[in-house]
Amino acid sequence: MITLHVLAQSRALRIVWLLELIGAPYQIKTYARHPETLLAPDELKAVHPLGKSPVIDDDGFVLNESGAITDYLIQTYGGHFMPERGSQDYWHYQRWLHYAEGSLMPLLLLGLVFRKIENAPMPFFIKPVARKISGNVKNGFIEPQAALHLAYVENELNGKDWLVNNRLSGADIMMSYPLQAAADRFGLADYPNIRAYLQRIENDPAYQTAVQKAGGPLLRLDK
């Protein structure tokens, strides 16, 4: 039995989706966020020292990091959700697993940091300076980079339903959250392929079951 440790309203939803797809027996243990900081409670540190989510415990084997969890579950329980090992499609699949958290999510988290700076309590005479710095970073780096990355994904989806070999795979599992977060933050008016892609994800019966079990796809970047 796999136990999935889930921080409420976090990116762990995609791991629930994967578990539904591969049909492995699992249970969910959900942790509420701290009411003031919205961060994970100390109880999660008893599972993993970082106190982050998601974490799986597969009969005593504890693993964190969404990309590693996705790869482990597919290779252990559901190999048909990845291409043949060693093929070019396999390495494109691995590229998306790493890209989701290594390239796209840091950009979204950086945007979150600067939004927090703008809204943080501070002396009135500091606020204009902080907002100007934040605005310069957003306008000069975050938003142009977001447009670059979204255009890249948009082009990769051209003429395809799914990212790798036009078959649902772990690449789509991993990319679901950052693209939903990007839609929530930046909008997708200029990216019809991504809009249609996210709609396919949300229409998937296994995804809908995951939403019911995990408490809903409320997007938060501050896990």
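1. A salt bridge is a side-chain nitrogen of Lys or Arg within 4 Å of a carboxyl oxygen of Asp or Glu. Glu101 forms such a bridge with Arg14, with 2.5 Å between the closest N and O atoms. Glu101 belongs to helix α3 and Arg14 to helix α1, so this pair ties together parts of the chain that are 87 residues apart in sequence. The structure discussed here is a predicted model.

2. Glu101 has a further partner in Arg11, where the closest N and O atoms are 2.8 Å apart. This pair also links distant parts of the chain, since Arg11 sits in the loop between β1 and α1, 90 residues from Glu101 in helix α3. Are the two arginines buried or exposed? Arg11 is buried, with a relative accessible area of 3%, and Arg14 is buried as well, at 1%. Glu101, by contrast, counts as partly exposed at 25% relative accessibility.

3. How many salt bridges are there? The count comes to five. One of them joins the side chains of Asp161 and Arg200, at 3.5 Å from N to O. Asp161 is in the loop between α4 and α5 and Arg200 is in helix α6, so the pair ties together parts 39 residues apart in sequence. Asp161 is partly exposed, with a relative accessibility of 38%, and Arg200 is partly exposed at 24%. Through shared partners, salt bridges join Arg11, Arg14 and Glu101 into one network.

4. Arg200 also takes part in an arrangement with an aromatic ring. It lies over the face of Trp162, 5.9 Å from the ring centre.

5. The overall fold can now be placed around these details. The protein has seven helices and four strands, and along the sequence they follow the pattern β-α-β-β-β-α-α-α-α-α-α. Buried residues make up 47% of its 223 residues. Among contacts between residues at least 6 apart in sequence, 69% join residues at least 24 apart.

6. The largest nonpolar core has 56 residues. Those with the most contacts inside this core are Trp17, Leu19, Leu73, Met175, Leu179, Ile194 and Tyr197. The elements that give two or more residues to the core are β1, α1, α2, α3, α4, α5, α6 and α7. Its largest share, nine residues, comes from α3.

7. Tyr197, one of the core residues named above, has contacts that reach well along the chain. Leaving out residues up to four places away in sequence, Tyr197 touches Leu157, Asp161, Trp162, Leu163, Asp172, Met175 and Leu179.

8. A search of the whole structure finds eight aromatic pairs. In one of them, the rings of Trp17 and Tyr207 have centres 5.4 Å apart and planes at 90°, so the pair is edge-to-face. Trp17 lies in helix α1 and Tyr207 in helix α7, so the pair ties together parts that are 190 residues apart in sequence. Both Trp17 and Tyr207 are buried. Elsewhere, ring pairs link Tyr90, Trp91 and Tyr93 into a cluster.

9. Asp204 deserves a separate remark. This residue lies in the loop between α6 and α7. Which side chain of opposite charge is nearest to Asp204? It is Arg200, 10.0 Å away, and Asp204 is buried yet has no salt bridge. Apart from neighbours within four places in sequence, Asp204 is in contact with Trp17 and Leu21.

10. Glu143 lies in helix α4 and is partly exposed, with a relative accessible area of 34%. Beyond residues up to four places away in sequence, Glu143 touches Lys138, Arg185 and Phe186. Glu143 and Gly111 are 32 residues apart in sequence and 8.6 Å apart in space, from C-alpha to C-alpha.

11. Some backbone features should be noted. Most residues other than glycine have a negative phi, and most peptide bonds are trans. A cis peptide bond joins Ser53 and Pro54, with omega at about 5°. Pro54 is found in the loop between β2 and β3. Asn165 has a positive phi of about 55° although it is not a glycine, and Asn166 likewise has a positive phi of about 55°. Asn165 is in the loop between α4 and α5, as is Asn166. Asn165 is partly exposed, with a relative accessible area of 48%, and Asn166 counts as partly exposed at 36%.

How values were computed. Residues numbered from 1 in each chain as written. Predicted model: local features only at pLDDT ≥ 70, side-chain atom pairs only at ≥ 80, totals over all residues. Heavy atoms only, no water. Phe/Tyr/Trp six-rings, centres within 6.5 Å; stacked < 30°, edge-to-face > 60°. Buried < 20%, exposed > 50% of the residue type's maximum accessible area, 1.4 Å probe, protein only. Lys NZ or Arg CZ within 6 Å of the ring centre and 35° of its normal. Lys, Arg positive; Asp, Glu negative; His and termini not counted. Contact = heavy atoms within 4.5 Å. Core = buried A, V, L, I, M, F, W, Y, C linked by side-chain atoms within 4.5 Å.
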